[in-house]
Amino acid sequence: MARLSLRNVKKQFKDTKVLHGIDLDIGDREFVVFVGPSGCGKSTLLRLIAGLDPITEGQFHLNGQLMNDVPPSKRGIAMVFQSYALYPHMDVYENMAFGVRLMGLKQTEIDARIDEAANMLRLGELLKRKPRELSGGQRQRVAIGRALVRKPDVFLLDEPLSNLDAALRSDVRLEIARLHRDIGGTMIYVTHDQVEAMTLADKIVVMNLGRIEQVGSPRTLYETPANTFVATFIGSPRMTLIKTSRDGNRLGLEDGGSVVIEDLPNANANGTLTLGVRPDALTISRDGEEGFAASVVYTEYLGDDAYVYARLADGTLVSVRTHPNALYEADEKIRLHVDAAQAHFFDTQSGQRLVV
Amino acid sequence: MPRLRLTGRGLWITALIVPPLAVMVTFVAYPILSALAYAFYDWQGLQRGEFVGFKHFHTVLFTEPFASWTRNAFINNVIVFFSLMVIQNGFGFVLAYALWRELPGAAFHRVAVFLPVVLSTVIIGFLWKLFFHPIFGPVNQIFRGMGLDFLAQPWLGQSSTALGSLIFVNAWAWVGFPTLVFLAGMQRIPTELLDAARMETNSEWVLIRKIVWPLVAPSATVVFILLFIGSFNWFELPYIMVGLDGSPYGSTDVLGLYFYRTAFGNQSAGVQDFGRGSALAVLTFMFIAVVAAFWTIRLRKREIQI
C-alpha cells in the first residue's frame, strides 16, 4: 500500500529555484515515470521524495502521513541509483543485508529475503562476489536486489539504465517491467529517454524547467499532448510544428502552399494556428497545387520504413513516414498533405493544445 | 658481440638516473652498510680497533646497565607510537570528518589544521618549550588564569608528564598530515554511495563505522607506516625540548637520543663509542625495516577500489 501526494512542492538551492510548485498524486502499485530534458528537475523531485534533500516549501504525504521531516531511512522508500552505488567493501550478500540488518530483522528472515531476491534476480551465484568483480548488468541487479529485500512501499529508480550498453538496456527494461508486475510495489522511475517512459509507465509525468507539463498515460500523452513541449518530447521522430496563418478552414504558409482541414478548433478563427503533425500524419504527392510546398532534404531508409525529411517554405524541417520503396531525390519539389484525423492544433502564442 | 651504443634516449635516462643514484649510494646506502660494519669492531675514538663480532650487539641488549637503557628507550618509543596512533591519527580522523561535512568555518580550518606541519620541528620544539615554561609559559598562565592551579605543572620537568607533553606537541604539530590524508580518502567516496547508505540508516555513527571508515582505512596505510617509522626515529623534538639525556631521569629517553649519546658521547654517557652506537643504529634500522615491510604488505591487501 502506498499513496503519495505532493502539494505545491518547491525546491530552492541557495538562489536557484529548481522546482516551482509541484502537485502530483501517485496511486498504489502505479508505475510512474518522470521524464524530461536534463535540468528539468526530475531527479531533484525524486531526491525530495527519497528525503535525501529537504523540501523548501510545500508538503509531501505518504499514505496520509506528512513526510517532510522524516529521515530517508524511515520513509519505507528504497532507491536504485544511476551509478548503482554498491558498497565496494562488501560482497553482494552483505550489500543486500546491510539495510535489513539495520532494520533489526532476524537472521533467518534476512536470509529468506535475500534468497528470494537472489532467485528473482538470478544473483544466486554471485552472493560472495565483490562489486568490482561484477559486470554492469550484474551490479544493476544487485542494486535492485538491495532495494527489494527491504520490502519498501515505494521504489525509486534514478536513470537505472543509463550506464548500460544498448543491448543490455532493453533486457533490463523488460526485467524491471516484469519485476513491477511480480512484486506490485509503487515505482517511480526517472529517465530522460522517452522510449523508456513510453514502454514502462502506467503514468508519465513530463517535466520541463521545474514544472510539470502534463501527467497521463503514454497513450494520452501521445494522442492528446497538452502543449507543444509534450507534443515534441513524446514520439520519435519528433512531431513537427508548423506555424500557419489561418483563413477559415485553410491553413497556409506564406508562399508555401496551404491545406484545408474541415474541423478546426474554434479559437483563433482568423489569425494564426500551430499545426502539429507526426511523420504518420503526412502524405506526399509529386504534383498539384494543394498542400504545403516542400523540398526534399534527404531520405532515411530503415528497411520496413523510410523517413523523408523535407524543408517547408518557412524553413521548418518536416519528417514524413513513407513506403520504403518510394524514392525521393534531394532537392526534389513535393507537396505535403495532412491527415486531419491525426493532426494536432496548438495556440501559437501559448503553445497550449486547442480542442476541435 | 653486441656493441654498446648510447642513443639519445639512453643518454637521457642515464643522465637522469646517475646523479640521484650517486647521492643515494653515497649518503644512504654507504652509511648504512658502513654502520653495519662499524658495529663489528672496537673503536678508540675515530681509530678502528679489532674485529669483535657480535659483542656490541650483546652488550646493548644483554649487559647492564646498557640493556636496561636500551629497554627503557625502546619502551618509550613504543609508548610514543601507540599514543600518537590513537591521539594523532584518531584526532586526525575526527578533524577530517568535521572538515568533510563542511561544518561552519571549514575553509579556514582546512588551512589552520595543516599549518604546523609546514613549520620546522626546531621552531616547534623551541616554541613549545617556551609555552611549557613552568613560570612564564602561557600554558601554566592560562591554567592559573582559569583557576585551575593544580594543572599548572612543570610539564617538561617531571617524569610523570614529560613524555606525555612531548607526545602532545608532536600530535599538535603533525595532526594535519593524517587529517589531510583522511580528508582526501573521504572526498573520494562517491556522493551516491553515501546517499545509498542514508537511505538505509539515519545514524551518523553507523555511517562512519560501516561505510566511511572501511573506505578510508586503506588510504590510512601510508599514515600508519609513516607514523611507525617516525615514532622509532623520533629525535629532533625530544632533542630540542628535553635534551640528549632524555631528562628528567631518562623518562623521555628514546632510541634516537640513546644512539646519539652512545655514538658521539656527552657529559653523562662518557666518551663516544662508535661500536655500540652502530650496533644500536643497526638494531633500530632492522626493527623498523622488518616491521614496516611486513605491515605495508599486509595493509596493502586491504585496499579497496571505489
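This report describes the fold of chain A, its contact with chain B, and selected local features of both chains in a predicted model.

## Overall make-up of chain A

Chain A has 356 residues, and 39% of them are buried. Its C-alpha trace spans about 80 × 45 × 35 Å along the principal axes. The secondary structure comprises eight helices and 20 strands. Among contacts in chain A with a separation of 6 or more, 66% are between residues 24 or more positions apart.

## Domains of chain A

The domain assignment splits chain A into domain 1, residues 4–233, and domain 2, residues 240–346. The centres of domain 1 and domain 2 of chain A, taken over C-alpha atoms, are separated by 40 Å. Contact between these domains of chain A involves five residues of domain 1 and five residues of domain 2. On the domain 1 side of chain A, the touching residues are two nonpolar and three polar, with no charged residue.

An unreviewed UniProt entry lists residues 4–234 of chain A under "domain: ABC transporter". In the model, residues 4–234 of chain A are 37% helix and 26% strand. The C-alpha atoms at the two ends of this span lie 25 Å apart.

## A four-stranded sheet

Chain A contains an open sheet of four strands in the order β2-β1-β4-β5, paired antiparallel. The edges are taken by β2 (16–26) and β5 (65–66) of chain A; each has a single partner strand, so one side of each has no neighbour in the sheet. Strands of a sheet pair through backbone hydrogen bonds, in either a parallel or an antiparallel manner.

Strand β4 of chain A, residues 57–62, runs antiparallel to β5(A) and is joined to β5(A) by two bridges. Within this pairing, A:L62 stands opposite A:Q65 of β5(A).

## Helix α1 of chain A

Helix α1 of chain A covers residues 42–50 and is mostly covered, with seven of its nine residues buried. The buried positions in α1(A) are A:K42, A:T44, A:L45, A:L46, A:L48, A:I49 and A:A50. A:G51 comes just after α1(A) and takes a positive phi of about 95 degrees.

## Contact between chains A and B

Which chain A elements give two or more residues to the side that touches chain B? The contact as a whole takes 18 residues from chain A and 17 residues from chain B. On the chain A side, the elements that give two or more residues are β6 (77–80) and α2 (92–102) of chain A. The largest share comes from α2(A), which supplies three residues. By residue class, the chain A side divides into twelve nonpolar, four polar and two charged residues.

## Annotated segments of chain B

For chain B, an unreviewed UniProt entry gives the annotation "transmembrane region" to residues 12–41, 78–99, 111–131, 162–184, 211–235 and 278–297. Two of these segments are described here.

Residues 12–41 of chain B are 90% helix and 3% strand, and the end C-alpha atoms lie 43 Å apart. Residues 111–131 of chain B are 90% helix and 0% strand, with 23 Å between the end C-alpha atoms.

## Backbone exceptions

Most residues other than glycine have a negative phi, and most peptide bonds are trans. Two residues of chain A that are not glycine have a positive phi of about 50 degrees: A:N8 and A:A85. A:N8 belongs to strand β1 of chain A, residues 4–13, whereas A:A85 sits in the loop between β6 and α2 of chain A. Are these residues buried or exposed? A:N8 is exposed because 12 other C-beta atoms lie within 10 Å, and 12 or fewer counts as exposed. A:A85 is buried because 24 other C-beta atoms lie within 10 Å, where 20 or more counts as buried.

Cis peptide bonds occur in both chains. In chain A, a cis bond joins A:S236 and A:P237, with omega about -5 degrees. A:P237 lies in the loop between α8 (228–233) and β11 (240–247) of chain A. In chain B, a cis bond joins B:E64 and B:P65, with omega about 5 degrees. B:P65 lies in the loop between α2 (55–62) and α3 (66–100) of chain B.

Terms used. Residues numbered from 1 in each chain as written. Chains lettered and ligands numbered in written order. Predicted model: local features only at pLDDT ≥ 70, side-chain atom pairs only at ≥ 80, totals over all residues. UniProt positions renumbered as here; feature names shortened; annotations may be inferred. Domains from an automatic or database assignment. Contact = placed C-beta atoms within 7 Å. Nonpolar A, V, L, I, M, F, W, Y, C, P; charged D, E, K, R; others polar. Pairing = 2+ DSSP bridges.
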